[in-house]
Amino acid sequence: MGNDVFEITVNFIKMVVIFLMMVQLVPLLVWVERRACAYMQNRFGPNRVGPLGLTQLLADAVKFITKEEFAPGNGNKFMFYAAPVIALIPATLALNAIPLSIPINVASFEWLGHTWGPYIFKFQGYDFNIGIVFVLAVSSLAAYSLLLAGYGSANKFAMYGALRASAQTISYELAMGLSLVGILLLFNTFSFSEIVTAQSGPLSFYFFGKVITVASVPNWGIIYQPVGAVLLMAAMFAETNRLPFDLPEAEGELVAGYHTEYGGIKMNMFYIGEYGHMLVASALMVIFYFGGCTIYPWLTPDTVNAWFANYGGTTASILTAFVLFAVMMAKILFFLWFFVWVRWTLPRFRYDQLMDLGWKTMLPWALGNTIVTAVVIFIMRTKW
Amino acid sequence: MSQLVPVFVLSIFVVVFGIIIEIVANICSTAGKKTSTKLESYECGLPSDQSGPTRIPIKFYLTAILFILFDIEIIFMYPWALTYGDFISSGLGAYILGSMGFFLLVFIFGLFWEVKSKALEWE
Amino acid sequence: MLMEAIGFYAIALFLIFFAFKTISSANPIHCACYLVLTMIGLAGVFYQLEAQFIAGVQMIVYAGAVMVLFVMVLMLFDIKTELRAFSRGLISGFLKIFSAAILAGFALGAATNSIGIVDEGPPKVMSTNVTRDLSILLYTKYLYAFEALGVMLLVVAVGVVCVSRIKGGTHAKH
């Protein structure tokens, strides 16, 4: 985590800040969701508490914390209490692996009579060179919080809901993994920062062996893989149990699915995990298909660095990183809004329609996408 | 190795955060008496009939096993995607496409057979 | 160098502790959860041996797929805590001592053979990107094993579906 105290402290604070960003995004997103769904349903949402109703979620948090706390009598108490905590872990670990901006170069400086050397602080908690494999690995652990919640509740409806939810989760993990193979064939790397770097130039592709560069269009993945992007988005909807795939949570069908016996802040921790997964899904979409933190030709690291050329090295680097972070967050917020928009527009799928869609429609389409991509790349890149 | 330490520290932090939230909720909860009704499992208010162990269909088991198999096949495509450009630029493009094509053929045949034999029919 | 040693021993301790809890726990679902943590520890060991892709694949396939199957199946069967059977008698006592002696022999042999293994300098890194070398090897030298694996997975898929249709199963054709 770093060689000396300053670096370790900054890295630790950075990881904690990213985690807290995920947690703090939940009240904001829930406010957006409630106001947006209200406007779509031709009514007002929460607009009494605080300006525009923004502190409604704070009031709700106080309400949840002071609710009565109990555990079912003959359930497995440890699993019952552990499942909401386990729900937070995969989303946090995945979010910290995704670069939200370019690294910050800090030149050496003097402080407290000691020379702190030149550092490079990456805008992520840790940088693996197997980036996407790590994110898939921790996302696949999300099925355990569902199963343990259902098991610890000692309620056969909760158990049945948990099994259905985890069956849905694992079915759509296949489509998610396979739709990413298409974009990886193009970029030939697993590491997120290399993928962002590859997308921060002009559109340049091979055409029967020759390279063609189009000057003013960015090299985004969506131009190469539109079908893959749609498949990834749909699979992410199912992974996060969001409508139209949220039958395991839907009330009235199975009482309330795997969180039947939960109340108060423990149930909210499941929702923090769900919104965290939404955040990871939006970040993955932006990184793979929409250029990450750069928009060529206006907002690449070089052009933004040129704006701040008057300031010193460290300050220019910090300002560049934060400007590009704002660009990335704008794109992520667009996709989060898309999640909310789809939720309140589409009706929900029945469970057998959902499983048929996952196995019989999305998996063949993802396979077809992979095969077509591979064949086209082979034809275009081979020097005939 | 130096990359695993942040992962470990972060997961410990998240677990501690969750535990602290649960402890705070436990302290601040307006606890009533634990009557026996509260401790029963919730089934829309009707008393549960407790009819022996729950019978759950075997489809879940089939879904999980087929997921494992197809997941392993997808994992094999990841190194292929990583080195596809290298193989093509060194002239072995047809070879790598052909070998992975055979593997994909087996995968597609497996998926096709599994769909056709109605192994994953949900009601 | 010291950090490498501490990291290795920490991961090894984590792994052994949870593996021990797996075999000594009475509730089957607890055993499955400890096994998941053991798999995660194994992924840490693979990562520390510079096999990062294998570490990720270990977590995706084992901890994320196989163990989910185990936990789902254990929840299907609704097994209560198993009774701790304690067998007595001369033969079982002899077998217990014999297996304990073999295990102690293994542990002692492994410990004496690995003195200084962590101090043997920096690990011999094969190249800067081990994943790329692994994949090139997989598709050139071990191509037959790779294709045979695909066929074997197909056989397993067919077998699973047929086994679930044996007379008396829930998908059986009457």
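Where is A:Asn42 found? In the loop between helix H1 (5-40) and helix H2 (56-65) of chain A. Keep in mind that this is a predicted model.

Let me stay with that residue for a moment. Phi of A:Asn42 is near 65°. That is a positive value, and the residue is not glycine. Is A:Asn42 buried or exposed? Exposed, because A:Asn42 has 6 C-beta neighbours inside 10 Å, and a residue with 12 or fewer counts as exposed.

Chain C has a residue to put beside it. C:Glu50 sits in the loop between helix H2 (28-48) and helix H3 (52-77) of chain C. Phi of C:Glu50 is near 70°, again a positive value in a residue other than glycine. What about its surroundings? C:Glu50 has 15 other C-beta atoms within 10 Å. The count lies between the cut-offs of 12 and 20, so C:Glu50 is partly exposed.

One more loop, back in chain A. Look at A:Pro297, between helix H10 (265-289) and helix H11 (301-307) of chain A. The peptide bond leading into this proline, from A:Tyr296 to A:Pro297, is cis. Its omega is near 0°.

Now two helices. Take helix H3 of chain A, residues 77-96. This helix has 20 residues. From first C-alpha to last it reaches 30 Å, close to the 28 Å expected at 1.5 Å a residue. Where does H3(A) bend? At A:Ala83, by about 35°. A proline, A:Pro84, follows within four residues. H3(A) is also mostly covered, with 17 of its 20 residues buried.

Set against that helix H4 of chain C, residues 90-113. H4(C) has 24 residues, which should span 34 Å at 1.5 Å a residue. The end C-alpha atoms are 34 Å apart, so the two agree. How many residues of H4(C) are buried? The number is 0, so this helix lies largely in the open.

On to chain B. Chain B has 4 helices and 0 strands. Along the sequence, the pattern reads α-α-α-α. Of the 123 residues in chain B, 35% are buried.

Chain B touches both of the other chains I have mentioned. Start with chain A. The contact takes 55 residues from chain B and 65 from chain A. Which elements of chain B give two or more residues to that side? Helix H1 (4-28), helix H2 (36-39), H3 and H4. H1(B) provides the largest share, 17 residues. By class, the side of chain B that touches chain A has 36 nonpolar, 12 polar and 7 charged residues.

Next, the side of chain B that touches chain C. Here 37 residues of chain B are in contact with 39 residues of chain C. Helix H3 (59-89) and helix H4 (93-116) of chain B each supply at least two residues of that side. Which helix gives the most? H3(B), with 18 residues. The classes on this side of chain B are 29 nonpolar, 5 polar and 3 charged residues.

To recap the points to find on screen. For the cis peptide bond, go to A:Tyr296 and A:Pro297. For the bend, go to A:Ala83 in H3(A). For positive phi, go to A:Asn42 and C:Glu50. For the contacts of chain B, pick H1(B) on the side that touches chain A, and H3(B) on the side that touches chain C.

Terms used
Residues numbered from 1 in each chain as written. Chains lettered and ligands numbered in written order. Predicted model: local features only at pLDDT ≥ 70, side-chain atom pairs only at ≥ 80, totals over all residues. Contact = placed C-beta atoms within 7 Å. Nonpolar A, V, L, I, M, F, W, Y, C, P; charged D, E, K, R; others polar. Expected span 1.5 Å × (residues − 1). Bend = angle between axes of the 7 residues up to and from the residue.
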